[in-house]
Amino acid sequence: MAIGGGTPYAEAVLEEKRRAIRNALKHEFIVKKYHPRAPEHGDVIFDAALQRWQSLQFSYGEHFVPSLRNFAKFSLSVIAPITLFTYLCFGPKKQEWLRAIKDGEVPVDHPDRKRVYLMWS
């Protein structure tokens, strides 16, 4: 551990190795991209890392296994918020309020009705 702050020596060495690898990959890409015979093979440059990433993205469905955990995550992130929102907006309290308005129990100049009229005017 370094005294006084800064990057530890081991981490600095790893960062230097990563930089060397990035530069080597960058150099390889430039050589392939601007090679004199590159137009003969088309503009597509094969990159193994990009190919692996695309394969993972497009083959996920083939390896998907439904489970209770997946269903719970889906339910909590999609179904529960929609259901809760619908209940809060159109639930029994709202139905009772609309019934009271329809039956004439709430006057036209009631403060809550004024707020609704101002919203729609």
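Leaving aside neighbours within four places in sequence, Ser75 is in contact with Ala80 and Pro81. This small detail comes from a predicted model, and it offers a friendly way into the structure. Ser75 has its place in helix α4. With a relative accessible area of 16%, Ser75 is buried, because buried means under 20%.

Phe74 is found in helix α4 as well, a helix that covers residues 68-90. Phe74 has a relative accessibility of 41% and therefore counts as partly exposed. Phe74 also belongs to a nonpolar patch on the surface, formed together with Leu68, Phe71, Val78, Ile79 and Ile82. Taken together, the residues of this patch have about 600 Å² of accessible area.

A wider view helps to place these residues. The chain has six helices and zero strands, and from the N terminus on its elements run α-α-α-α-α-α. Of the 121 residues in the chain, 5% are buried. The accessible surface of the whole chain comes to about 11500 Å². Carbon and sulfur atoms account for 65% of that surface.

Charged side chains come next. Side chains of opposite charge can pair when their charged atoms come close. In this predicted model, the structure holds seven salt bridges. One of the salt bridges joins Arg19 to Glu16, and the closest N and O atoms of this pair are 2.2 Å apart. Arg19 and Glu16 are three residues apart in helix α1, which spans residues 9-33, so about one helical turn separates them. Arg19 has 38% relative accessibility and counts as partly exposed. Its partner Glu16, with a relative accessible area of 42%, is partly exposed too.

Helix α1 also holds Glu28 and Lys32, which lie four residues apart, or about one turn of the helix. The side chains of Glu28 and Lys32 meet in a salt bridge, with 3.2 Å from N to O. Glu28 is partly exposed, its relative accessible area being 38%. Lys32 likewise counts as partly exposed, at 37% relative accessibility.

Further along the chain, a salt bridge links Arg99 with Glu105, and the closest N and O atoms are 3.2 Å apart. Arg99 counts as partly exposed because its relative accessibility is 30%. The pair of Arg99 and Glu105 does not stand alone: salt bridges that share partners join Glu96, Arg99, Asp103 and Glu105 into one network.

Arg113 gives a contrasting picture. This residue is found in helix α6, which covers residues 111-120. Arg113 is buried, yet it has no salt bridge. The nearest side chain of opposite charge belongs to Asp109 and is 7.9 Å away. A salt bridge requires a side-chain nitrogen of Lys or Arg within 4 Å of a carboxyl oxygen of Asp or Glu, so Arg113 and Asp109 do not count as a pair. What, then, is Arg113 in contact with, leaving aside its neighbours within four places in sequence? The residues in contact with Arg113 are Trp97, Ile101, Val106, Pro107 and Val108.

Key. Residues are numbered from 1 along each chain as its sequence is written. This is a predicted model: local features need pLDDT of at least 70, side-chain atom pairs count only at pLDDT 80 or more; totals for chains, interfaces and linings use all residues. Side-chain values use heavy atoms; hydrogens and water are left out. Patches are made of residues with over 30% relative accessible area and no salt bridge: like charges are joined within 9 Å, nonpolar side chains (Val, Leu, Ile, Met, Phe, Trp, Tyr) within 5 Å. Accessible areas come from the Shrake-Rupley method with a 1.4 Å probe; for residues, only the protein chains shown count as cover. Helices (H or I, at least four residues) and strands (E, at least two) are DSSP runs, numbered from the N terminus. Buried means under 20% relative accessible area, exposed over 50%, partly exposed in between (1.4 Å probe, protein chains only). Contact means heavy atoms within 4.5 Å. Lys and Arg count as positive and Asp and Glu as negative; His and the chain ends are not counted.
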